[in-house]
Amino acid sequence: MAITDEDYESIRPKIEMIKRLAEIESSIYAVFDLHKNSYLLQSKEQMELFGIADHEDQSIDFELHYKRIHPDDLAFVLETDNLQHRFFSTLPFHEKKNYKLVYDFRTQNADGIYVRHMHQSIPLEQDQNGKTWLTLVISHPMSERAPNEKPQRRMINIKTGELHLFNNVDGESSGMVLTKREKEVLLLISRGYDSYNIADKMQISINTVNNHRQNILRKTKTENATQSVLYAKRIGII
């Protein structure tokens with residue numbers, strides 16, 4: 001990729017803004033540089049996530065991060081990274097920022113404990129040839145998921161909510177994460193409505209509401225409504 005010192009200087013204000021916003025919200029975030037194959041920026045929380053908070057070098061070799069991934073999840077993560085790169089290589093450059101990869105896996109913290117996190121990877125900057133140069137990675141702990149549960153991954157069009165990747169690999173079909181009606185039901189659940197009140201507000205039967213609820217659990221691969229709401233909020237679909 002044709003990246004110059006001037007390019008790095010030009011994106012410095014954006015990187016500083018990301019850093020300030022993340023610090024305000026105590027977010028777990030990182031900016032990965034595909035040109036240098038290293039992290040351009042990491043939050044303290046991101047380094048703690050991988051058990052490397054004692055390192056002061058922000059550009060620490062990302063191979064150390066791989067060593068902190070649970071052995072049972074490593075092949076999944078490597079495969080996901082490869083599929084992501086192949087997917088983005090097929091897109092016109094102006095469409096790449098419309099997508100984000102959402103996946104989860106377990107990492108070992110400084111105490112030697114494996115903790116599951118959801119990671120969202122979003123193209124941040126592209127080079128002159130339209131190839132992804134920088135990616136923004138935002139992570140969230142997933143205490144609501146079972147420790148030994150199989151990891152999940154999805155590529156989502158953030159404008160339409162449509163799935164575009166991993167369907168054949170994971171045995172899922174293409175389509176929306178949730179339909180418009182399912183989103184409406186889940187949004188009302190998040191506001192404290194029960195099924196009867198949802199049926200009344202949406203002018204549908206209680207059976208239809210319950211069917212929507214079951215579809216939501218199946219599509220989000222969660223066990224209850226609270227988990228579904230939390231998952232949907234984290235990936236930005238409600």
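## A salt bridge within helix α7

In this predicted model, glutamate 184 and arginine 181 are three residues apart in helix α7, and they are therefore separated by about one helical turn. The side chains of glutamate 184 and arginine 181 meet in a salt bridge, with a distance of 3.0 Å from N to O. Glutamate 184 has a relative accessibility of 27% and counts as partly exposed, while arginine 181, at 35% relative accessibility, also counts as partly exposed.

## Other salt bridges

Side chains of opposite charge can pair when their charged atoms come close. How many salt bridges does the count come to? The count comes to seven salt bridges, and two others are described here.

The side chains of glutamate 9 and arginine 12 meet in one of them, at 3.2 Å from N to O. Glutamate 9 is partly exposed, because its relative accessibility is 45% and the partly exposed range lies between 20% and 50%. Arginine 12 is likewise partly exposed, with a relative accessible area of 48%.

Another salt bridge joins the side chains of arginine 106 and aspartate 73, at 2.9 Å from N to O. Arginine 106 lies in strand β3, whereas aspartate 73 lies in helix α5 (residues 71-89), so this pair ties together parts that are 33 residues apart in sequence. Are arginine 106 and aspartate 73 buried or exposed? Both residues, arginine 106 and aspartate 73, are buried.

## Aromatic rings

A search of the whole structure finds five aromatic pairs. The rings of phenylalanine 87 and phenylalanine 88 have centres 5.8 Å apart and planes at 70°, so this pair is edge-to-face; the reasoning rests on the cut-off that planes over 60 degrees apart count as edge-to-face. Both phenylalanine 87 and phenylalanine 88 are buried, and ring pairs link Phe87, Phe88 and Tyr99 into a cluster.

Tyrosine 103 and phenylalanine 105 form an aromatic pair that is tilted, with 5.4 Å from centre to centre and 50° between the planes. Tyrosine 103 is buried, as is phenylalanine 105. A ring can also be found beneath a charge: the charged end of lysine 36 sits over the ring of tyrosine 8, at 4.4 Å from the centre of that ring.

## Helix α10 and its surroundings

Helix α10 covers residues 225-235, and its buried residues are Gln227, Ser228, Val229, Tyr231, Ala232, Arg234 and Ile235. Which elements do the buried residues of α10 pack against? They pack against the strands β3 (99-108), β4 (114-126), β5 (132-141) and β6 (153-157), and also against the helices α7 (180-190) and α9 (206-220).

The two ends of α10 can be described in turn. At its start, a side-chain oxygen of asparagine 224 reaches to within 3.2 Å of the backbone nitrogen of threonine 226. After the helix comes glycine 236, whose phi is positive, near 80°.

## Alanine 232 in detail

Alanine 232 has its place in helix α10. Why does alanine 232 count as buried? Its relative accessible area is 0%, and buried means under 20%, so alanine 232 meets that cut-off.

Leaving aside its neighbours within four places in sequence, alanine 232 is in contact with Leu186, Ile237 and Ile238. Alanine 232 and leucine 186 are 46 residues apart along the chain, and their C-alpha atoms are separated by 8.5 Å.

## Two loop residues with positive phi

Asparagine 37 has a positive phi of about 60°, although it is not a glycine. Where is asparagine 37 found? Asparagine 37 is found in the loop between β1 (28-33) and β2 (38-42), and it is partly exposed, with a relative accessible area of 40%.

Glutamine 203, although not a glycine, also has a positive phi of about 60°. Glutamine 203 is found in the loop between α8 (195-202) and α9. Is glutamine 203 buried or exposed? With a relative accessible area of 72%, glutamine 203 is exposed, because exposed means over 50% relative accessible area.

How values were computed. Residues numbered from 1 in each chain as written. Heavy atoms only, no water. Buried < 20%, exposed > 50% of the residue type's maximum accessible area, 1.4 Å probe, protein only. Helix = DSSP H or I, 4+ residues; strand = E, 2+ residues; numbered from the N terminus. Contact = heavy atoms within 4.5 Å. Polar contact = N/O pair within 3.5 Å; in protein donor to acceptor, adjacent residues only side chain to side chain. Phe/Tyr/Trp six-rings, centres within 6.5 Å; stacked < 30°, edge-to-face > 60°. Lys NZ or Arg CZ within 6 Å of the ring centre and 35° of its normal. Salt bridge = Lys/Arg side-chain N within 4 Å of Asp/Glu carboxyl O.
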